[in-house]
Every structure is written in structure tokens, then in C-alpha cells.
Amino acid sequence: MADQLEITRELDAPRELVFKVWSEVEHLKKWWGPTGLEISYAKLDFRPGGMFHYKMTAPDGAEMWGRFVFGEIVEPEKIVFINSFSDKDGNAVRAPFSETFPIEISNTLTFTEQDGKTILTLLGGPVNATEAERQFFMGMFDSMRQGFGGTFDQLEAYLKEVQAV
């Protein structure tokens, strides 16, 4: 669909490990989020209907909360979740930067093993969004690709670190 963001990254790590660092809180805290932000609070209930609730803190002390609500989980092949900005209690809220950014984004992560490497594919799009929200989301594709690029760079570096141990 036109309002779906798709990002693919080849990771030099086995699929089981890549899935693991997406599904365990101690790993997520080390790499998830935009470059320069640190996860200062994280709670994970990794099951369908469960939630990853987290707070990111910027170097200047600014805070931003987020959440994933998990749908389908097929280990080690797929994770489906609804991503939202949130408040400290885990309720979905509007993005701090726009009244038109969709409140909920459905994301499907697929993990495909190929020659000992993992092909990670993220497919995301708005849920229950107005036409204005869908248009705004599509207008953010370049920015989101850049943001996820930085996050996936952190994931890649973290996987190297974990494998070196």
C-alpha cells in the first residue's frame, strides 16, 4: 500500500540472535531509539497483547515516552506490534512534534536468514488514521528512513558487540 513505509537491512548476525535482541528488554535498552537518545526506563511483556513501554532521554534532559503493543509473534520469524508515543502510564498519545502524525502505527518485522545473515524487513503504516494523518505519515517517509537508519545502525553495532563476547 502507498501509505506503508518499508525498510530492509541486512545484518551480519544469525536470525535467532536478531530476534532475541528485539524480544528481551535488556537488549532493547542498549540499541532501540533515535541516535543520541538513551532509554532510561523500559518494561517489556513480550507476548501477544503485551507491551514494551519505554522512556527515552535526550542529552539535554528532554524526555519522550513510547510503547509497542504486541500482536502476532512467530519466533524467530515475525513480530507484529502497534507503535505509539505514550505518556508515563503507557497510554497512547499524540506525537510531541505534530497534531497530524497518526497516533498508532502498525509495524511488521520479518526476520529472514540468508547465508548466516539476517534480512530484517520493517513494514509500517498508520492504523485508524484520518486521510490527513495518512498524508502526513507518507510525507515523513524520508525522515523516518533516516531515523530508522540511525536506529538500525545502533542495532548493527550492538549485534557486533554481543557476538564479540
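**Fold, burial and local backbone geometry of the predicted chain**

Among the contacts in the protein chain with a separation of 6 or more, 52% are accounted for by residues 24 or more positions apart, where contact means heavy atoms within 4.5 Å. The structure is a predicted model, in which local features need pLDDT of at least 70 and side-chain atom pairs count only at pLDDT 80 or more, whereas totals for chains, interfaces and linings use all residues. Residues are numbered from 1 along each chain as its sequence is written, and side-chain values use heavy atoms, with hydrogens and water left out.

The secondary structure comprises four helices and eight strands, arranged along the sequence as β-α-α-β-β-β-β-β-β-β-α-α; helices (H or I, at least four residues) and strands (E, at least two) are DSSP runs numbered from the N terminus. The radius of gyration of the protein chain, taken over C-alpha atoms, is 15 Å, which agrees with the value near 15 Å for a compact globule of 165 residues, the globule rule being 2.2 Å times the number of residues to the power 0.38. The C-alpha trace spans about 45 × 35 × 30 Å along its principal axes.

Buried residues, defined by a relative accessible area under 20% (exposed, over 50%; partly exposed, in between; 1.4 Å probe, protein chains only), make up 43% of the 165 residues. Helix H1 (residues 15-23) is largely enclosed by the rest of the structure, because seven of its nine residues are buried; these are Arg 15, Leu 17, Val 18, Phe 19, Val 21, Trp 22 and Ser 23.

Glu 133, situated in helix H3 (residues 131-139), is likewise buried, with a relative accessible area of 8%. A polar atom of the Glu 133 side chain lies 2.8 Å from the backbone nitrogen of Thr 130. When residues up to four places away in sequence are not counted, Glu 133 touches Arg 94, Thr 100, Phe 101, Pro 102 and Asn 128.

Of these partners, Asn 128 is placed in the loop between S8 and H3, has a positive phi near 50 degrees and counts as exposed at 71% relative accessibility. A positive phi, of about 55 degrees, is also found at Asp 115, which lies in the loop between strand S7 (104-114) and strand S8 (117-127) and is exposed, with a relative accessible area of 74%. The peptide bond from Glu 75 to Pro 76 is cis, with omega near -5 degrees, and Pro 76 is found in the loop between strand S4 (63-74) and strand S5 (78-86). Most residues other than glycine have a negative phi, and most peptide bonds are trans.

Methods. Polar contact = N/O pair within 3.5 Å; in protein donor to acceptor, adjacent residues only side chain to side chain.
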